[in-house]
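Student: Could you walk me through how to read a structure like this one, feature by feature?

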Amino acid sequence: YRPKTFVEMVGQDHVVQALTNALASQRLHHAYLFTGTRGVGKTTVSRILAKSLNCEQGITATPCGQCAACLDIDAGRFVDYTELDAASHRGVDEVQQLLEQAVYKPVQGRFKVFMIDEVHMLSNTAFNAMLKTLEEPPGATRFVLTTDAVHLLLPTIRSRVLGHAMHIPPVAEAKAWLTQQGVPDTEVDAL
């Protein structure tokens, strides 16, 4: 029951508003950091942001959800959107491989978006390898870092990204959204 648009996001109004304003004015940062506990929508926001940047209708806070880019991102097969799980790929070799891809222009979309989940799990050498690219990323590349342990990130990494702290949404809001999506009452009540 993952939201597919910013409008569907529950309990993250401050993050949605900041990203919506940035997309509307096309004042895009090169790297974002989404922090918060498990299940607050860090990966979801990353995917919606990737759709917003690559939608065939243009850069927008309201991607169409119908074009090839939007559908491919939702299905996890968009060539220019890469998710790396740093918990299981934490070494310098994996990060260098990712950064080598960053220098090339996007194949299918407007931007290459690299999402590194659980970024705090990267080794120190992997962080150091990433610093230069975070300082001066290629123009058509955006990074999204997510973590539930922001205190474990190096200050040099935190200083190079635009951070957004995400919070646990109120249960009533989450249940109302799930009900609107047609989720069976038995599952909604399990919250």
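Tutor: Gladly. Helices here are DSSP runs of H or I with at least four residues, and they are numbered from the N terminus. By that rule, residues 155–158 make up helix α6, and Arg-158 lies in it. Keep in mind that this is a predicted model.

Student: Is Arg-158 buried, exposed or partly exposed?

Tutor: The cut-offs are under 20% relative accessible area for buried and over 50% for exposed, with partly exposed in between. Arg-158 has a relative accessible area of 35%, so it is partly exposed. Pro-155, also found in helix α6, is exposed at 56%.

Student: Which residues is Arg-158 in contact with, leaving aside its neighbours within four places in sequence?

Tutor: Arg-158 is in contact with Leu-33, Val-150, His-151 and Leu-153. For distances, look at C-alpha atoms: Arg-158 and Leu-145 are 13 residues apart along the chain and separated by 10.0 Å. Pro-155 and Leu-19, on the other hand, are 136 residues apart in sequence and 23 Å apart in space.

Student: What about the loop that leads into this helix?

Tutor: Ala-149 lies in the loop between β4 and α6. Its relative accessibility is 7%, so Ala-149 counts as buried. The C-alpha atoms of Ala-149 and Thr-35 are 7.5 Å apart, with their positions 114 residues apart along the chain.

Student: How should I read a strand such as β4?

Tutor: In a regular strand, side chains alternate between the two faces of the sheet. In β4, Thr-141, Phe-143, Leu-145 and Thr-147 point one way, while Arg-142, Val-144 and Thr-146 point the other way. Seven of the seven residues of β4, which spans residues 141–147, are buried, so the strand is largely enclosed by the rest of the structure.

Student: Which strands does β4 pair with?

Tutor: β1 and β4 run parallel and are joined by five bridges. β3 also pairs with β4 in the parallel sense, again over five bridges. To place individual residues, note that Phe-34 has Thr-146 as its bridge partner in β4, and that Phe-114 stands opposite Phe-143 in β4.

Student: Now the interior. Which residues touch the most other members of the largest nonpolar core?

Tutor: The general idea is that nonpolar side chains tend to be buried together in soluble globular proteins. Here the largest nonpolar core has 28 residues, and Phe-34 and Val-45 touch the most other members. The elements that give two or more residues to this core are α1 (13–25), β1 (31–35), α2, α3 (68–75) and β3 (112–117). The largest share, five residues, comes from α2. Apart from this core lies another, of 22 residues, including Leu-84, Ile-116, Ala-126 and Phe-143.

Student: What does Phe-34 contact, beyond its neighbours within four places in sequence?

Tutor: Its contacts include Val-15, Leu-19, Val-45, Val-144, Leu-145 and Met-166. Polar and charged residues are on the list too, among them Lys-42, Ser-46, Thr-146 and His-164.

Student: And how do I read empty space?

Tutor: Rolling a probe the size of a water molecule over the atoms shows where empty space is left. The largest pocket in this model holds about 720 Å³. It is lined by 23 residues, and the closest to its centre are Pro-3, Gly-39, Val-40, Gly-41 and Pro-169. Two elements give two or more residues to the lining, α2 (42–54) and α7 (171–180), and α7 has the largest share, with four.

Student: How many of the lining residues are nonpolar, polar and charged?

Tutor: The lining of the largest pocket divides into twelve nonpolar, five polar and six charged residues.

Student: Which backbone angles deserve a second look?

Tutor: Check for positive phi in residues other than glycine. Gln-26 has a phi near 55°; it sits in the loop between α1 and β1 and is partly exposed at 48% relative accessibility. Glu-118 is not a glycine either, yet its phi is positive, about 55°, and Glu-118 is found in the loop between β3 and α5 (124–135).

Student: One last loop: where does Gln-57 lie?

Tutor: Gln-57 lies in the loop between α2 and α3. With a relative accessible area of 63%, Gln-57 is exposed. Its C-alpha atom is separated by 21 Å from that of Phe-114, 57 residues away along the chain.

How values were computed: Residues are numbered from 1 along each chain as its sequence is written. This is a predicted model: local features need pLDDT of at least 70, side-chain atom pairs count only at pLDDT 80 or more; totals for chains, interfaces and linings use all residues. Side-chain values use heavy atoms; hydrogens and water are left out. On a 1 Å grid over the protein atoms alone, a cavity is a set of points where a 1.4 Å probe fits but cannot get out, and a pocket is an open set with protein on both sides within 12 Å along at least five of seven lines; lining residues have an atom within 4 Å of a point. Grid points are joined across faces, edges and corners, and a volume is the space filled by probe spheres set on the points. A nonpolar core is a set of buried Ala, Val, Leu, Ile, Met, Phe, Trp, Tyr and Cys residues joined through side-chain atoms within 4.5 Å. Buried means under 20% relative accessible area, exposed over 50%, partly exposed in between (1.4 Å probe, protein chains only). Contact means heavy atoms within 4.5 Å. Two strands pair if DSSP finds at least two bridges between them.
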